[in-house]
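Colleague: I'm new to this one, so could you walk me through how you arrive at the labels you use?

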Amino acid sequence: MADFTTVAKVGEIPEGQGAAFAVHGRMVAVFLEQGEYRAIDDFCPHMGASLATGHLEQGVVTCPWHAWRFSVEDGAWCDNTRIKIDSFEVRVQGDEIQVRIEPKNEPSQP
């Protein structure tokens, strides 16, 4: 079971914006909107742009390269909700913003 990992301090992610963090071999975009933190996979599946730099409005982040839109709540692609990117649980402990992500399985060394 994955533990929570601290990615930032409260106040480091501006309201209405996102920031990208490396956690367990993955890039995660953490957003703050209306006082709530949400986390999804940082890379757009279309061409790999960082979603953390996209425009956030009403729970939807728009990819800065080709305007693909994703829900920051569950990672669903807004144009076809059957397609999703990963979303992650977020909590605030004291002044730390933490996400829970399963560690990426690394290939074993021979």
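**Reading the labels**

Modeller: Sure, and let's start with Phe4, which is found in strand 1. Keep in mind that this is a predicted model.

Colleague: Why is Phe4 called buried?

Modeller: Buried means under 20% relative accessible area. Phe4 comes out at 19%, so it gets the label.

Colleague: What is Phe4 in contact with, beyond its neighbours within four places in sequence?

Modeller: Phe4 is in contact with Glu89, Val90, Arg91, Gln98, Val99 and Arg100. As for Asp95, it is 91 residues from Phe4 in sequence, and the two C-alpha atoms are 14 Å apart in space.

Colleague: Now the sheet. What is the order of its strands?

Modeller: The order is 1-9-8-4-3-2: six strands in an open sheet, with antiparallel pairing. Strand 1 (4–9) and strand 2 (17–23) are the edge strands. From one strand to the next, the twist averages 30 degrees.

Colleague: What makes strand 1 and strand 2 edge strands?

Modeller: Each of them pairs on one side only.

Colleague: How do you know that strand 4 and strand 8 pair?

Modeller: Pairing takes at least two bridges. Strand 4 (residues 36–41) and strand 8 (residues 87–93) are joined by two bridges, and they run antiparallel. With a cut-off of at least two, those two bridges count as pairing. In that pair, Ala39 stands opposite Phe88 of strand 8.

Colleague: And how many bridges are there between strand 8 and strand 9?

Modeller: Five, again in the antiparallel sense, with strand 9 covering residues 96–100. Val90 stands opposite Val99 in strand 9. The hairpin of strand 8 and strand 9 has two residues between the strands, and Gly94 there takes a positive phi near 65 degrees.

Colleague: What about strand 3, how does it pair with strand 2 and strand 4?

Modeller: Strand 3 (residues 26–33) pairs with strand 2 over seven bridges, in the antiparallel sense. Ala20 stands opposite Ala29 in strand 3, and Phe21 has Val28 as its bridge partner. With strand 4, strand 3 pairs over six bridges, also in the antiparallel sense. Glu33 has its bridge partner, Glu36, in strand 4.

Colleague: Why is strand 3 called mostly covered?

Modeller: Six of its eight residues are buried, and buried means under 20% relative accessible area.

Colleague: Which residues in the hairpins of strand 3 have a positive phi?

Modeller: In the hairpin of strand 2 and strand 3, with two residues between the strands, His24 takes a positive phi near 50 degrees. Strand 3 and strand 4 form a hairpin with two residues between them too, and Gln34 in the turn has a positive phi of about 50 degrees.

Colleague: What makes a positive phi worth pointing out?

Modeller: Most residues other than glycine have a negative phi. Gln58, for one, has a positive phi near 50 degrees and is not a glycine. Gln58 lies in the loop between strand 5 and strand 6 (60–62). Ala67, in the loop between strand 6 and strand 7 (69–71), has a positive phi of about 65 degrees.

Colleague: Why is Gln58 called exposed, and Ala67 partly exposed?

Modeller: Exposed means over 50%. Gln58 is at 71% relative accessibility, so it counts as exposed. Ala67 has a relative accessible area of 45%, which falls between the 20% and 50% cut-offs, so it is partly exposed.

Colleague: How do you know that Asp42 has no salt bridge?

Modeller: A salt bridge needs the nitrogen and the carboxyl oxygen within 4 Å. For Asp42, the nearest side chain of opposite charge is Arg26, 11 Å away, and Asp42 is buried without a salt bridge. Asp42 sits in the loop between strand 4 and strand 5 (55–57). Its contacts beyond the neighbours within four places in sequence include Ala20, Met27 and Leu51.

Colleague: Last one: why do Cys63 and Cys44 not count as a disulfide?

Modeller: The two sulfurs would have to be within 2.5 Å. Here they are 3.9 Å apart, so that is too far for a bond. Cys78 is in no disulfide either, with the nearest cysteine sulfur, that of Cys44, 11 Å away. The structure holds zero disulfides.

Colleague: Are Cys63 and Cys78 buried or partly exposed?

Modeller: Cys63 is at 6% relative accessibility, so it counts as buried. Cys78, with a relative accessible area of 28%, is partly exposed.

Conventions:
Residues numbered from 1 in each chain as written. Predicted model: local features only at pLDDT ≥ 70, side-chain atom pairs only at ≥ 80, totals over all residues. Heavy atoms only, no water. Helix = DSSP H or I, 4+ residues; strand = E, 2+ residues; numbered from the N terminus. Axes fitted to C-alpha atoms, helices over the stretch in contact; angles between N-to-C directions. Buried < 20%, exposed > 50% of the residue type's maximum accessible area, 1.4 Å probe, protein only. Contact = heavy atoms within 4.5 Å. Lys, Arg positive; Asp, Glu negative; His and termini not counted.
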